[in-house]
Amino acid sequence: MGLLNALRLRGLFVKLVLMFVIVGFSALLLVSMVMSQFSSSRNESSIRDFLNGLDRQQLNALATGVDPRDRNACNALASKIFWNTVQAGIKGVSDFGVMFSDFYSGRLQVQIVDSQGLLCATLPEATPLLTKAMTEARQSPQPIPVYRDDEDWAMVTPVSLPNAANTQALIGFHYWSQWQLYDEIASATVYDYIRTFILIGSMGASVAALFVWRLYRRIKRATNAADQWADGDLRARIKDGSKDEFGRLVERFNNMADAISKSFDMQKALAISVERNRIARDLHDTAKQRSFVLGLKLTELEYEAQGHAPLLPTVESARRLADHLQQDLENVVSGFNLPAIADFGLYETLLRSVGDLLSGSGIRWSINWPENARDAFDAAPETAQELLMITHEAVANALRHAQCHAIRIECKPGPRWHWNISDDGQGFDIGSAPFGMGLSNMRWRANTLPGGIITITSQPSGTSVDVSFKPPAAM
């Protein structure tokens, strides 16, 4: 099914098929030309070895009793030597039979000569290069000279004849450098062209189909991830382990998604901080101010009720409740008005928020975490925000209820990270403690962390709040 889907990419598929067909024919032509050049060198060596190995005794036997000056006898002798050479060449030289189809047209000739000149020669007439080579061979005979004209060459070897002095047979070869390519093209039929086209076209279509199918699968994975990004799921990633150009492009897209996701997280954290500050301002300007005025009025009412003993306990109780309400509002406003992680990072935000919360209380406090934790939390603002709120709630509880002298905040990396807030206060009975909103919020925030689990232990020597979670990818 994947292959069928790939074939629907008609534009890409057709372009690749045409490309492979064109490249196939071009490669075929190029290989033929290169093979022709190699064949020239190989055949030159083969022809030279063949001429050196001619059976001259057998050729002399052909000339026994023949008068070369007799025109008819001379032509018959030249023809016998010609065909004897052809038969020996077919047996001793590779491709000689194919080359002979070009040799017979004046590129293979036998001439009978003496000191006076040419006596007779085989037909057809020799090519210009071979004629020139055989003329020069008569004037200055060498064992097997090579005569060249660009990429063509000719060889001539003399064979002495026994019947007359200075009479010899010259056997000449003219090698045409393009004979093999020309022979293949000239001898090809329409059927050969159709068969070649079908063969190369089928190979091109097969390679193109395989290539498009593999490319389609990779593009499909990238498209699915892009659709998920468009739907808002920036956690999706393109899975492609290749190291080619497309693989490097995929890696850049994944890096881009990481950067966008991180930017959105920072914007989200900043938006949360802005909203929290707005709520803090509203509470400060309304509920906190009104609770303060309420406390003043109840204090005034308490003073007036000094002469009314039955009313005094109720007024005192209302004033104490107003004091607690004002303190609670101060804690809430302080919590909402925490410094922004997006602006300062978790470490600096903790220093400011915990410092402000414990200012004037006389409680010692410390933050202990490894050096790499700061960068890790800065790269995961959502996790940092939840840990900040849990820490603030735990410290506020210790301040209000524990009567402690020291608070310690620790971070311990590992397969599961641990975030711990502990104090040396009087502790409390967890089983009988009311399940207020503070403890509920801490549990809820811990559950939003990846694999988050919160554990609260308390003894007369102190209380510990431990949050364990799986480190995000950034950590």
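Buried means under 20% relative accessible area, exposed means over 50%, and partly exposed is in between, using a 1.4 Å probe and protein chains only. This is a predicted model, where local features need pLDDT of at least 70, side-chain atom pairs count only at pLDDT 80 or more, and totals for chains, interfaces and linings use all residues. Residues are numbered from 1 along each chain as its sequence is written, and side-chain values use heavy atoms, with hydrogens and water left out.

**Exercise 1.** Is Cys411 buried or exposed?

*Solution.* Start with the relative accessibility of Cys411, which is 5%. That value is why Cys411 counts as buried. Now try Cys404: at 8% relative accessibility, Cys404 counts as buried too.

**Exercise 2.** Find which cysteines form a disulfide, and work out what the link ties together.

*Solution.* Step one is the criterion: a disulfide is a pair of cysteine sulfur atoms within 2.5 Å. Step two, apply it: the structure holds 1 disulfide, formed by Cys74 and Cys120 with their sulfur atoms 1.8 Å apart. Step three, place the two ends, with helices (H or I, at least four residues) and strands (E, at least two) taken as DSSP runs numbered from the N terminus. Cys74 sits in helix H4 (residues 71-92) and Cys120 in strand S2 (residues 117-121), so the pair ties together parts that are 46 residues apart in sequence. Step four, get the handedness: the angle about the S-S bond is -80°, and the link of Cys74 and Cys120 is left-handed. Both Cys74 and Cys120 are buried.

**Exercise 3.** Work out the strand order of the sheet and which strands stand at its edges.

*Solution.* Two strands pair if DSSP finds at least two bridges between them. Following the pairs gives an open sheet of 5 strands in the order S2-S1-S5-S4-S3, with antiparallel pairing. S2 and strand S3 (146-149) each have a single partner strand, so one side of each is left without a neighbour in the sheet. For a close-up, take strand S4 (residues 152-160) and strand S5 (residues 168-175), an antiparallel pair with 8 bridges. Thr157 stands opposite Ile171 in S5.

**Exercise 4.** Which strands does H4 touch?

*Solution.* Contact here is heavy atoms within 4.5 Å. By that test H4 packs on the sheet, touching strand S1 (108-114), S2 and S5. For directions, axes are lines fitted to C-alpha atoms (for helices over the stretch in contact), and angles run from 0 to 180 degrees between N-to-C directions. H4 makes about 140° with S1. Helix H6 (residues 128-139), lying across S1, S3, S4 and S5, runs at about 40° to S4.
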